[in-house]
Every structure is written in structure tokens, then in C-alpha cells.
Amino acid sequence: MKTGIFICHCGHNIKHTVDVKKLSNFFKKYPGVTVSNDYPFVCSEPGQDMISESIEKQGLDRVIIASCTPSLHGELFKDLLKKSDLNPFLLRRVSIREHCSWVGDDIEINTEKARRLILAGLYSAAHYVPLEEKRVEVTKSALIIGGGVSGLSAADFLSKMGMQVYLVEKEAELGGHVKNLKNIWPARKDGKSIIDEMIEELAGRENVEIFASTTISGFEGFFGNYEVTLDTLEGEKKLTAGGVIIAIGFSPFDPRIKPELQYGKDKRIITTLEFEHNADTLQLPEKPRVAILHCVGSRDEQIGKPYCSRVCCINALRVGEAIKDKYKDSYVESFYMDVRAHPRGGEEYFEDTQEKGVLFTRANVAEINPSLTGIVIRGEDTLFGEIFEREFDLVVLSIGMSPPVDNKLTASLLKITLDKDKFFMEAHIKLRPFDTAVKGIFIAGSCSGPKDVEESINHGRASAVKLFGFLNLGYAYVDPFISYVDPKRCSGCRMCEQACVAKAIKYDEEKRVVHVEEAACMGCGLCNATCPSSAISLKGYIDCMIDDEISAFMEAI
Amino acid sequence: MNKVLVVGGGIGGITAALELASCGVSVTMLEEGPSIGGRMIQLDKTFPTLDCSTCTLSPKMVEVALNHNIELLSWAKPMAVKKAGQKFQVTILKKSRYVDIMKCTACGSCFPGCPVVMKSEFNMGTGPRKAIYIPFPQAIPNKASIDKREDRPCKAACVDACPIHTNVLGYLKHISEGRFTDAYMLIRATNPFPSVCGRVCYAPCEQVCNRGQLDDPLAIRDLKRFAVDRFDLDSLEPSQIQKTEKKVAVIGAGPAGLACAHDLAVEGHEVTVFEVLPEPGGMLRYAIPEYRLPKEELRKEIRYIERLGVTIRCGIEVGNDVTLDAIKNDYDAVFVGTGAPKGLLLDVEGENLPGVMDGLKFLRAVNSGESVETGKSVAIIGGGNTAIDCARTVRRLGSENVKVIYRRTRDEMPAAHEEIEALLQEGIEIQFLTTPVCFYADNGKLSRMECIRMKLGEPDASGRRRPVPVENSEFSISVDSVITSLGQATQTSFVEEIGVLLAKNGTIEVNPLTGLTNVEGIFAGGDVSTGPAYVVDAIAAGQRAALSISCYLKNEPATMTKAVKKPERLTEDEVVDLTAKIPRVGRIHMPEISVKERVTNFGEVAIGYSPEDAMAEASRCLAGHIEGCIQCGECEKLCEVRAVDHTMRDEIVDIEYDSIVLAPGFDLYDPTEKREYGYGTLEGVITGIEFERICSVTGPTGGDILLNGKTPRRFYFIQCVGSRDRQSGARFCSRVCCMYTAKHASIVKDRIKGAEIYVSYIDVRAYGKGYEEFYKSTQESGTFYIRGIPGEITKGENGLLVRVENMLSGEMREIEVDIVILATGVRPRKGTEELCNIMSIERDEYGFIKVDSITPSRTNVAGIFVCGMASGPKDVPDTVASGGEAASRCMEYINQ
Amino acid sequence: MLGKKIKNGSIEDTLNRFLKDDQHLILGFEKGENGVSLRAFKNHLDHYSLLNPIFSTNGALHLRRLFSKGTKIILMLRPCEIRAYIELIKLNQIEREDIIAVSIDCLGAVSSKDKTDDIPTEADQLREYFKKTDTIRWACNVCRERRGVVGDAGIRIDRDGLFWAFSYTEKGDSFLSLIEGESEESKTEMLMSGSEKQDQFQIDMKTFSKDFSKCIMCMNCRDMCPVCYCIDCVFNGDEYLPKGDALLNKILRSGPVQLPQGKELFHFIRMYHVSQTCVGCGACEEACPQGIPLTKYFKGTSERLQSMFSYMSGRSFDEPIPYVTFLEDELKDAED
Amino acid sequence: MLQDKAEKNPEIIGFACSYCTFKASEMAGSLRMKYPDGVKLVQVPCSSRVDPAFVIKAIFEGADGVFVAGCHPGDCHFIKGNYFTRRKIAALKEMFDAFSMNDKLRLFWVSAAEARRFVEKVTGMYNEIKERKNVRKEN
């Protein structure tokens, strides 16, 4: 082994509290070390030249640079090794600045610490092997589950970009819930026209295959090449998809779960969705009295729906507005907890609706009693602290969004997780809101939690562009720091497989050992730490590297 | 490869850029500030999971930096955009950062030296930063930049005039802003004798001070003394030094020798100083009188040098007690700084009479505490500083009739102007154009001196007019003693033994830049090589020699000090311009002890400034008048990789792009106009984002929630400040304030046990995933939610009084709290308007970029897309989704 | 609870009926000349014993890496053996499909090292015997589960000395169906109740070092451990225990080492590896030629560590091994 | 090199995840915060990479203390890794506890921004171990 050690002074930053000369002299005599130099600025041009010259002239096969923290000068030194025809993964950076010279004052002590840090690097690097960013072939096709506005948006983008798209819809017709909405706020458009436009676009594209009345019955494989079995009207169909976007939407809350709402027992009590459908055919007196109840099936811990459904306040406003527009002399009262008119323009809409005459009462509704003349609502006005009892001709329940009916099935089929509310769980609630833990599987739209049309479109397209980024080349490069299995050692206990968050480990029933699907591995090393016989190892962090680092720190080897 | 421009480096821009890059597009990302990260990186935690914002965002930022498809330009913004067909011709302004990012190692060595303290934008002004800075440790690019906004009005002639290039601008800036210790440390960085120079320097800086062209030059020296007086040097611990195991001998413990020893010791060499006199200090110790330079001040400086590890061996005369050759053999290098300790002779009859004394010997005797009898009438011959020191010393010894005899006129007197003034004030007469010709004794004791009048003739070699005796003008003066002070000479015979070359006048011949003599390993500097000069020149010579000795010991070629720039004057135009801008303010003089009092003892004459006066005087400095970098050059000195380059110029480039994604982000509403809340006037009323920084572990308090150093216990949060509010022109809901308030409340609950927290709200809009639950748990953990927005905040007895009507109970409450946090709403980012104007993009009534809800990133210009808060308030996940959506539209556009 | 009473001799009949099929096997105990021992029966069984008063190895050890299907096997073993079997199933070391695991109430056993000829094999006699002598193994004395309540089915003894068979799974039902007679409610209390809780294991490193100083690193403990299932142990390579040149290198670099070296490390790491799967059977101690009190350590630590996750090795087929799963809301005070 | 000096002071090995704790330690460095030299870090991609065997090995090789530090639960860059870490290290701590070595192993959550917390945690651990060590020596 021919190791080159280059110790940076970083001007005074390291040299001031670390005896760099002593270190370089120490390592000069160390077995396996061919070059040991200290230099004022290793990152400077002459510093880099010194390294590449040493690599060429001395034939170094390991390079250790003891300088600032590895995250600084990101690719600089790696590129340097590449230029010198040395695999960049044979480089070891040792931080003797952020982790040594800057955090201690005593030269002698720091020098000793730096020595051990470099020693650890040296021991560890002895186990380094050249690594490659491996290329894996991926299928340039996407499976989109759910033909609602989110799924359609994703399909629209991906097909426009030339990718093969398989759009699977459980219902006979595409369009999800949006197609049934008459007046989408704030676009003020008919939902059907929006959907029709999208479908029309897709229909003309050769690379789009739409499977209506179809469900997924089988799902195997890994990122880049998922093997999917569809249960279509024509029978089973198998296809390969590089990635999947799940956009199965939501199911409307069923108010029957709360019998006190009297829903289903009286025709005069309807949901916002029904109002959308039947707004024109509703039989109402000339001066109708209409009550709108907010938060039906939302913010209700008792029925296990503690979350806010995000869209129902706006839906309630739409109902109020529609009635006021049609019946100028109507009496419309909205019973709410908080008016969450948060979307762009929502607050203004709320104000406008108030100006149109819709009353907003912050209330706890206690009872709904249908009577002959109307429906009597009893409750407490929480602003004035009064008990009220009023009669209405129509009660509209602004229902929330519940998880999609197929949530559990899909989750277990695709090996993804559900959150506590049984929506799909995102990889990170802030920065990866439409990703799952499994690479290449996305959750778009309201299947991961309530969303309005704009947000669902954003989700659909954003997950599509991400998937496109993964697949567009037809191949993908795999991070070199991933796990690999030594099949001779593997006992096939499948503990790693159970623990793997990325679901990147697959068991071979025949050989009774596991293997790593490289494209799916995230490189966390959990499997490595889980395997008692270390049959699975994380490249770049294999056991003996870390063991030897410990030994170097303890001077025990 | 298609090219896309992404404007803005917040989470929206980062998302769009990363997505585009992964789709194989070449992305240029413009960030107006020094680092990407936007608002999100300023957050301490993110709701509803209370994730650390830095942890989640910084990997993304690093991804941007490492992605080969993304070119990141910080300090850059578009200036003009022209649509050419489907493409865009974009003119980009690349503001220079004055730091070469290829060289900068983010070590931060430059920050402490920078004298310009500014409010940190990253910390929303809750903490300071320097003019050269990295906004936060995780910044991308993690490189320093200099906040230079204006050109310096003066030419910093002071720095050029100073032989040791003291950072005058810098320490004046520090003093003017009350950072006296920083000022001292900055002085000390180049000067091992601040207290000496603060007192007895001849201040060449003041002579060239550009302000002097407007009114009076700055009192640069006196301000130095002020800084020195406020610092206790004995408490300064020398920093650790790495030893080189090289030995250097310094001969002569005067300013040159000690300065040299100081710098060599800092480099880690083992230094021994040989001094012939019983105490170190040279002329500073033995020639300059106590009333000008108290000896204790000097001792402190020398003590510090000793604490650096320098050994000073007094009472050893090299050449006598030990040979130079022996020293040369024992040490790796030798510096000779023996000065010019010999007084010159007058060469007139009677000069050897008792009662006629050499000025230097006289001063040495007095400074050594010997009693010297001078009698009643004393004449001092000479016109230099030493002569004046002698005269004033004699006056203090009790002689009543003290005269200075000088053969030319006052204009030719080499002594410092203010010294002459002080002399005259103390009642000492100067006889100009006079020179003694003979001394007479009575009973072996000096009694009389015969003088002759002179007149000025032709100029001599020194440029001064040569005095010529006036014939028959002899007259005599009765004197008890005479002190001659005619100039000094070197004593250099001891160096000849090893063959060091001497000049005719006995000075050692050296290379003036390196101090190297003709003998290898022997260096010299100060008066011994130049003949008598000033303290600061000697220090400079010592330092130069130290530098070349260090190089010599490392076997490196001697580094020549940078070519010295001549001090520049303001041009007349500049003077006119500045006169119009800057009001005339004369110098504030340093107070002195009254003449009556001062002549009775050796107490120091100058008393020193009060802090107020010092700050006022220092703030006259022209350089300090500007905002941002004052170009004092300190960072340049401190940067070892030479990454600082003040000469960088802004660059303007034209690049063609296929599409543009705008993600300029947002600002927060400035609640100053809401007088009822007292923001900006009442202490303790702050905004949410300021509170965020105070909470943040990366913030100015390291995560301790402190208000004026104390932990507040009672908190009042007010929501919807500048949102849902027609008054401030914002009817819209800002969408994030309800939740960030809940987050703040839960952070407070977590960090301050028993904190009392109130939140005023209209509606709690906890609409996102997990938000409602988070709001609930905040409420359940003991945060009082009050429905109703306070009418007024006033100052109460023990804090702030919030008057609010709780709409749910109907009661009017007056709540006393320690801190009020305003959940200020979202506004379009400053500069969005300009950005839209150059791209002809429409905005809505509030100034957000206009979009449509079915194609939420599409603007009115095809090919330009928008994401994030620029088109209206969004929380982080919505921003991420919109970033992706914008990228998707952008991909479609460029693939048409 | 509903179960089947086992009449005298009926269990042999049942098992023999089962063994008539050529593809059927039984793993159980046989009374022989040298006392009771573990035996795999094919075709027919004689001298069958439900109880085995002598412990030499854990029966599950022999089932490791049993993957073939088609041969139906009934395990008639001690609870600790069935528990080890269940852990091995979780570890995918046994194909469960054709195996019925029956745990039998265990009265305790004598170590094979202390075996004498007078040890009775019938339940009531055995009880008396253990009352009179103190030869019962320590591991059995502190056993966590002596009852036949684990696996697919269990054979229990009631206070009247009657044997009962209970089913716990579908397979257990099929086992019960082999036994003649109808299921009935067992009204009498069972002889054996749940084990009393043992004191938490607590020791210090000094004692540990002393106890293990005798170790010769034969690794018999590992080899005989039913749940130490790895086909290639990490301690076989040079990584932890350098040998030969690797050892020489180590000595040259850092100085003298004690030989055989690494024994404390070996036991400590093994203790962690089996911490969730150890059934406390004491097979390791049985195998130790040096008489190191291994059970104390392995059983002690594993019980402490299992209780953290309310886990008990071999209690159920469905509980995942704690290290491969987690709850978001747990171990709040784990952080220091 | 400095045998006698090093021997007196505790040696602590810390496993730090790349995304949070190691970042915090970098930040501590760039802010010139001070902490004892006895603390040395092994960088791992995720705290879940830490095999308890490493910890055991470090202790048997003479480390006076070991800490495993990662992102706060829920913050893991690898989504769930640190939940596994928490289980494993908590169990290992329990095991150490059984052997009366509970002072030797710690589990910390330190986010990328928490440089000060990092320094406080490691310094606290170091000082406690040092104190205990000295007490032991005196006895």
C-alpha cells in the first residue's frame, strides 16, 4: 500500500495550534506511508500540484488529506484524484481544523489528537476500495394510480415529456371528485371542463395508456423497474414501470358516522358535495333559510378525525355565495369554529361573502331536529355566550376529507406507510411532501392529506417532474455508498429486510440469502448494523473501517 | 443543453433548480445575497414537527452546490431581460464579493479584525456581523464576502504615512462606536508599543490626514492613547505560540530591538535581548521624560513582551562583556538595534567644564532617579525634541531661569510643534538665531556663556537655511549650567569585529527593506542604521527585520514588504464635494494639566479623553462616515490565502436562457406604522421573525430566549399583524403566521419552565397536515388563546400592558407581559416590483406575481414561471410543491 | 379453556397414528437405558416420554436451517425449546409450514453433567424428586415460562395430575384433532402457574472478568446456542479476533495481548446479539467445558433488554424482534 | 507521543451522523467553541449505522466513554433511521446498566444547528467521566 498523507497548515488556522511538522515527520516513518508532507495551503494550486505530482511520481494508491472539514472544498480534492487517474473514493479527508485545531488550545494536546485522527484515517483508508457510481437501467415509464386532477396533471406532464404513462383509474370514468364540481373556486370554472380539457390532451397521445375500471393486483420490483399487475376489465395485465405516482385522492366524509347530524334521515340535510350536484334542482322556498355547518368530519377527535380538512371552509363559502346569488332574500348562516379561508384570495372571498349577507356565527351546534316546518338547530353562540335555536329550510354539511378507501390495500401492496389519520405518509412533511420512503414511489394530491385543486395540481406535477428527473435518461447513477451482501455469510434471517426503510433489500427464496437493490438503497447503513454476522455491509463504512478507526483512537491496534 | 435561470435561492428556488437539474437542464441560480437558503434557513424549527430547519434544508443547499448542472451565483441579480423568440436574453449583475471564492477557506480569520460592525440580516438585526462576513456557518457558498456599499471618501493617507501602517481608520471606527477594547487590539496587531506611540509619536498620520483639508486633522495619536488607557495590558494573555526551536539574539532593548524581539517571539523563535543599561527600553526608558511617557506604561509593554517568552538580559555590553562573534555562534540570527546613544559635541571652548552636560546623559541621569544639580539659570543648546525634553525637565527640577538657545528660527526647529508650544507655555524662553561660542568658569564652576547671533544664509544639505554668524554680535549670558543637545551618534565599533560594514557616519549599512547587513545572519535596524529618528520608525525597522529574520531562519527568500504607497491628498474637487456633505467640526482637544501645576512635578501632562469626547472625535474620521466596508484593509492583512481583493469590480454579463423561474420569496410586514403596538418605540415589542432568530440556536443568543440579557417569563403573541387588515392594505391571509405563532409558543413552553403565554387571534388557521393537532397540543400545554386582537400596548410598571377584549368571554382584559411578539404577515419581497418591471410581469393588487389557480406557476409572460411565496403566501410544503410545479411547466416550455 | 383430556397412553397412540405416514416425523423424548434423551421418531415410537428431566442441548438447535417442505413434523418439546423454535422462525431459519410445535409443561431438569440413574420421568415423582434434591438446574429454577403455553399447541398437567392438550393456532387445532375424544372445558386449575418475576440482573465488570477468565474461547456456548443462528459468525474472521499473522501484526503495533484474547468482547457482543432472542434455556452453560455461569449473564441481560420493549422471546409467532421495528412514540428518556 | 498526558484524561469516542451531529461539530469548530481533546468523532452516514458491537469494542479497547449522536427523532435524513438507533442504543445502555457501566454510554440528539448543545453534551459527559475516574483513582 502506498499512502500519501498531506497535512494542511491552513495558514495559521491549523499550524497555530497543531505541530504540523511533527505530524508529517511522524507519519513519514509510518509503515505503508510513502509520502507525508505538510503544506501551508493544500487547497491552493501549488498544494494541489504537490498532491498530483506525488500520485504520479510515487504511484500513491491512497491519499489522506488532513485539513478542514470534509464538507468544505466539496469536490475539489475528488476531482484532483480523478485528474490523476486515481479513483476518487480512495481519498480520505481528515478534519484537523474544525475538529481539532479550532476546538482546543494546547499545541501538544492538539498535535496528539490530530495524530490520532490522521491515524484513524490511515487505518480506515487501508480498507478502501475503488468505488464506482454504478449505472442502472431504468424503464422510462410511469404508473399513475388515480385519474383525478392530481393524477391527470402528472400524466399530462410526463406524457408531454415523452414518457410512457399508464394511468389506472378504479372508476369507469376519469376525473375524480373534481369532475363533479360545478364551480371551482377560485378559478370559477366547471370542474368537468377542466377535467375534459386534460383528458382530451391525454387522449391524443400515443404514449398514454388509460386503464379505467382497473385496480392494481400485484406489485413487485424496485425503483426503475417495478413489475405491476393490473386487474382490468379485460383481465389481468402485466406491465413494467420505472416509477409510480399514487394519486388516489380522498373519500368524502360520510356524515352518517355522526348520527346526531340526522344526515340521511331528512332530505333537507345535505352535504356540500350533494349541494354541488343538485344545486339547480333543490326545492327551496323563495326566501330560503339555509344553515351551513363547518367542520363536519374534521377537527373532531371523537370520531378520529382530529385534522383540519383544509378545503371545507371555502366550500362552505361557495354554498353561501351560491344561495345568496340565487335567492337575494335568503337567510344564510354559517356555523363555524374558525374560518380558515387561507388560500390565495380566500380571505377576500370570505369578506365578500359576508358582504353579500351570509352570516357567520361562531358556534357549537348541539342539536339538529327536523320538524315539519323546517330543521331546528340548537347551539351555543360562542362569541356572545348565548344559546340559540333557529329553524332552517336547508342544512348543508360542509364535509371534510377522509382517507381514500383503498389506502390500506395500496399501502400494503406498494410497501409504503400510512400516517395516523390513515392518509399516506410522506418522506418528510416539509421538504419531501409528495415523496415516500421508497424511491420512485410518490404520493400526490389529497391521498396524503386534504388539499384543494391548485395544491393537488401542484402535487401532481411536482411529483411528476421529480419522477421524470429520475427516469428521463433511461438509466440512473447509483450513489456508491450503498450496501452489498456477502452471500457466503448471509444466513437469510431477513432482519435487514424488515428494518430497511427504503425497502431496498430483497430475499432470494431459492438461495435463501438477501441482496440489495442498488437503485433503491439510500445508504444509511441500518442493515449493516442490524446484521449480526455483518453479511451485509455499507460501502465506504464497512465494519473493519470503523473498527480500525476506533482502534486508532484508542491506539489499540 | 437547455438553460434555465432560477432567480432566488430560497427553498422554492432550490426545489425548482434541483428538479430542473435532475431533468438534465443547465440551471443558473441567482441569489441576491451572500448565501442561498432564503427565509427557511433563518427558522429555528419548522412546524408542526418542530424539525430543525437547518438539518433539513442544509443538505438541499449542499446538493445545489454539488450539482454539476447548477451554476450558483450569489450576490447576483437580473438587471434586464429581453425576450428573443422563445428565449430570453438576460443581463445579470454579478456584484463583486471582494473575496476570491476559489481561495477563501471559510476560516473566519478576517472577521475579528474587521472594525465595521453591522446588523446581521440573517439574524434580522438582532445580532451583529462584520462588514466582511459569512452570514451563518452553514452558508452556501461557504465563503466570506465584503459588504461594501460606498467608496471611502478619504484616501486613508494616515495608514500610508504611518511607518508601521497602523489601521487608523479601523481603530477610529471602533472608538467612534464605543468598542474600545477592539480598538486597542487592532492597534496592538501592528504595534507592540501602543502606549508609547499613543503618547510620543510624532504622528505623521495627522500631518497628512485628509480631514485636515476640510477642517482639522483627526487627533489620531491622542485617540490611540485613549484606547490604550482603557485597556489593562497585564490582563492580556498571550496566545499560544508554536515554538520553532530557532534562537535569535537581539542587541539593544530599545524600540527597534524590542519590536523585533516581539515579532520574532510571536513567530515562535526563542529570543534573547542584550541590553547594556540596567533596564530595558532604550531611549524610551532613559531619554523621554516621565511627564511625557510614564515609565510604568513602558514597563507594562515590556512585561508583555517578556510574557511572550522573550528573555531580556540587562547590564551586558556586547563587545565588552561578550563578543558579537560569540553571540553569532550561539544564535541562529542576530539583530543589532543599539540606536544612537552618543550625544554630539558642540566643539567650542569650555565644553568640558563641569556644568556643561550632554543632554542625553542628563536625561538618563534624571530618568535613572539620580539627583542632578542644575542651578537657577540653565541654558539648553539645541532645537530638537531632546533639547525641549531637557528644558522642560530642568524646569521641573526647580530651575527658574531656563533658556533654549537655538541657532536658527522657530520654523527650522526640528522639535514637534506642540512640544515647543508646551515649552513656551511653561515659561521657557527660546533664543533663536543664537549659538554659544565659549563657556567661562568662575572658581572652576561654570558661570557664563558667550554667544553669537546668527542669520540664515543659503540652504544646506538638509534643505534648511544654514545659519551664519553675524559679526560682532557676541553677547554673554550668565548660567549655572548648560545642557547641550545637538544630535546623536551611534556606537558601533563592536560590530566591526565580525566585519559588518559601516557607513561613514558610523551607522550600520543595511538593506533598508530587509535589515540585512553584509554579514549573513546579522541584521540591524533603527537609529543604528539610519541615525537618529523617531520611535515609530525604529519599531518599523525592528518589525521589518523580524520578518526577514523569520524568512532567513526558514531558508525562504526574504519577503519584501509591500511597496509603500505615498499618502495621498484629496483633490480640490473632492474637498469641495466633501465640504458640501460634511459639516465642519473642529478637533476636540485632549485636556492637559494646568501649567502651574505641571511644572512642579513629573506627572503626565496630557490627561486623556473622556469616552464621550473620544467617540465624538473619532467619529470625525471621514472613513467612518460610510456604511459598510471602510476599506481599511485589515481583512487583507489577516487573510493568509490572500483571498481578499478590494479592487474587484461588479460584473455585468449577458446570457441567453430558454426559460426563467422566479422565486424571489417574501419579506415580512414592517409593523412600525401600527403605532398602537409600539414596535420600534416600546422595548420588548418584536416581530415573529426576530423572535425566531432569538430562539434559534444559530442566533445571537445561541438559543437562549433573552430580552436585554434577561429571560422573559410572560409572552404575548399577536396574530394577523398586517394580514386580514385593510388598514395596512393587506386583505389577504398570510397563511403561516397562525402556525408559526403556535410553534413559537411551544418552543417557549419547552425552553422556559412556567412561562405564561397568551396568543391573540381572529381565526386559528391550522389547515395543513398535522397543523390542527399541533395547535391543539399547544393550547393544551397551557398557552392561552384569546380571541380578539389587542387595541393597544403601553408601558406598564413591570413590563408591557396589553389591552384586549376577549370576544369569547366578552371581558376586557389588561395583561402585563415581558415581551410582545407580533406575528407579522407576508409581503412581496423588496425588489419584486423591479424584477417584474424588467420582465413585464403583472402583479396583483398586493404586489404578488399574478398567477392562475389551475396553472399556478404561469405568469403573463410565456416562458417565465413563478414559484413559492412570490405569487402569494405559502407554507414550506406548498412552496416545495409549487417549486416542482414551476419546474414541470418550465420543462414543458423548453421542450416545445 | 377448551382442551382435550389425554387419557393414559393415548398420547402415544395419537403420535403413533401420526407416524404411520412415511413422510411424518416426531421430535420428542425417549426413555432409554441411559435415561431420557431427545430423539427423532419415524414410523413408530416406543418408550415415549412426555417429560425430559435431563437437559443436554436445546432441541431447537437441530431444527436450524430446516427448509424442506412435505415432511410433516410434530415437535413435542419443552417450552424453552419451542420458544427457541419460534425465534428461529422469526429469523427465517425454519420453514414452518409442515411443523406443529407442541410445548409441554416442564417441571425442570437436571443438567446432563449431574445426571444420575435415579431420576424419575413421571410428573408427580419428578416433582417429589426435585423437592427432595437440589439438583434442578439453575436455569430451570429461574425459568420464565415452564408452561406449555407457547407454540401451536400445548400439553398441560392439571392439579389432579391429568394431561390436557390445548390448541393455540390453526395447526394446533389439527394436532388436537389427532387426539381421540371431544374437546371439553378444563375446570381444574393447572399444576403450573406463571413464573414469579426474578430480580433484575445486576452485576459489575469485575465479577464478569473473573467469571470469564476461565474461558478458553472454544465457542461451544455459541455453537450450542439454539438462537445463535448465523452460518458465519463475525468471530470466525480476523476482524474481531486476529489470529496468526493478523495477531502478530496487532502485537507488533500495540504490544502484548492476553491469549486467548478477546474473550470478554466475544461474550459481550454475543450477549447483545442474542439479547432479544435468548430463551434462557442454559444450553450454553451446559456446553461450557469450563463451568462458566453463562446462563446468569445471557438470561439476565436478555430479560432486562426484552422487557424494555415488552417483548418475550418465543412468546408469539407474530411479535417482531424489537431491533427491526420501532414505535415513534417510545423511549422518550433514552436520550441523555 | 504524550503517553502520560493522555492517560490521565478520559478518552471518549463519539459516533456522529453526517447530517446532524457531525454538522453541529463542524459548526462548533468554525465558531471556535472549545471542548476536551479526549472527544473524538467517528463519522457515520446515519446513527443507525452504529453497530452496538462498535460501542462494545471501543469500551473493551479502553475508551472511557462512548456516545452515539444523531438527528432528533423524526428528523432523520434517512427518514426513520434514528428510531432504530434509539431502540438499539437504549437496549445497549440497559445492558451496560446491568454491568454497572451506565456512565460509559450516552445517546444524544444533536441537530445540525446545535453546535452549542453538541459542545455542552460532550463536555458534560467528559467532565462527569473524568470526575468519576479521579474519584476511582483516589479510592
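Start with chain A of this predicted model and think about its contacts. Among those between residues at least 6 apart in sequence, 68% join residues at least 24 apart. Keep chain A selected and colour it by secondary structure: you will find 16 helices and 27 strands. Its radius of gyration is 32 Å, well over the 24 Å that the globule rule gives for 557 residues, so chain A is more spread out than a compact globule. Turn the chain along its principal axes, and its C-alpha atoms fill a box of roughly 100 × 60 × 40 Å. Even so, buried residues make up 59% of the 557 residues.

**Next stop: a sheet in chain A**

Select strands 9, 10 and 11 of chain A. They form an open sheet in the order 9-10-11, with antiparallel pairing. Which strands stand at the edges? Strand 9 (215-222) and strand 11 (235-241) do; each has a single partner strand, so one side of each is left without a neighbour in the sheet. Neighbouring strands here are turned by 15° against each other on average, direction ignored. Now zoom in on strand 9 and strand 10 (residues 225-232) of chain A, which run antiparallel and are joined by 7 bridges. For a pair to label, show A:T215, which stands opposite A:D231 in strand 10.

**Over to chain B**

While chain A is still on screen, bring up chain B beside it. Of the 5 pairs of chains in contact, chains A and B share the most contacts. Then centre on B:V310, in the loop between helix 12 (295-307) and strand 14 (311-314) of chain B. Is B:V310 buried or exposed? It counts as buried, because it has 25 C-beta neighbours inside 10 Å and 20 are enough for that label. Show the side chains of B:A261, B:A265, B:V271, B:V273 and B:I305: these are the residues in contact with B:V310 once its neighbours within four places in sequence are left aside. For a distance to draw, pick the C-alpha atoms of B:V310 and B:F475; the two residues are 165 apart along the chain, and these atoms are separated by 54 Å.

**On to chain C**

Add chain C to the view. No contact joins chain B and chain C, and their closest C-alpha atoms lie 12 Å apart. Inside chain C, select strand 2 (residues 24-32), then bring in its partners one by one:

- Strand 3 (residues 35-42) of chain C pairs with strand 2 in the antiparallel sense over 8 bridges, and the two form a hairpin with 2 residues between them.
- Strand 4 (residues 48-49) of chain C pairs with strand 2 in the antiparallel sense over 2 bridges.
- Strand 6 (residues 72-77) of chain C pairs with strand 2 in the parallel sense over 4 bridges; here C:H24 has C:K72 as its bridge partner.

Pause on C:F29. Its bridge partner in strand 3 is C:L38, and its bridge partner in strand 4 is C:S49.

**Last stop: where chain D touches chain C**

Show chains C and D together. The contact takes 23 residues from chain D and 26 residues from chain C. On the chain D side, the elements giving two or more residues are helix 3 (52-60), helix 4 (81-98) and strand 4 (105-109). Helix 4 of chain D gives the most, with 11 residues. Colour this side by residue type, and it divides into 16 nonpolar, 1 polar and 6 charged residues.

Note on methods
Residues numbered from 1 in each chain as written. Chains lettered and ligands numbered in written order. Predicted model: local features only at pLDDT ≥ 70, side-chain atom pairs only at ≥ 80, totals over all residues. Pairing = 2+ DSSP bridges. Buried ≥ 20, exposed ≤ 12 C-beta atoms within 10 Å, placed from the backbone. Contact = placed C-beta atoms within 7 Å. Nonpolar A, V, L, I, M, F, W, Y, C, P; charged D, E, K, R; others polar. Axes fitted to C-alpha atoms, helices over the stretch in contact; angles between N-to-C directions. Rg over C-alpha atoms; globule rule 2.2 N^0.38 Å.
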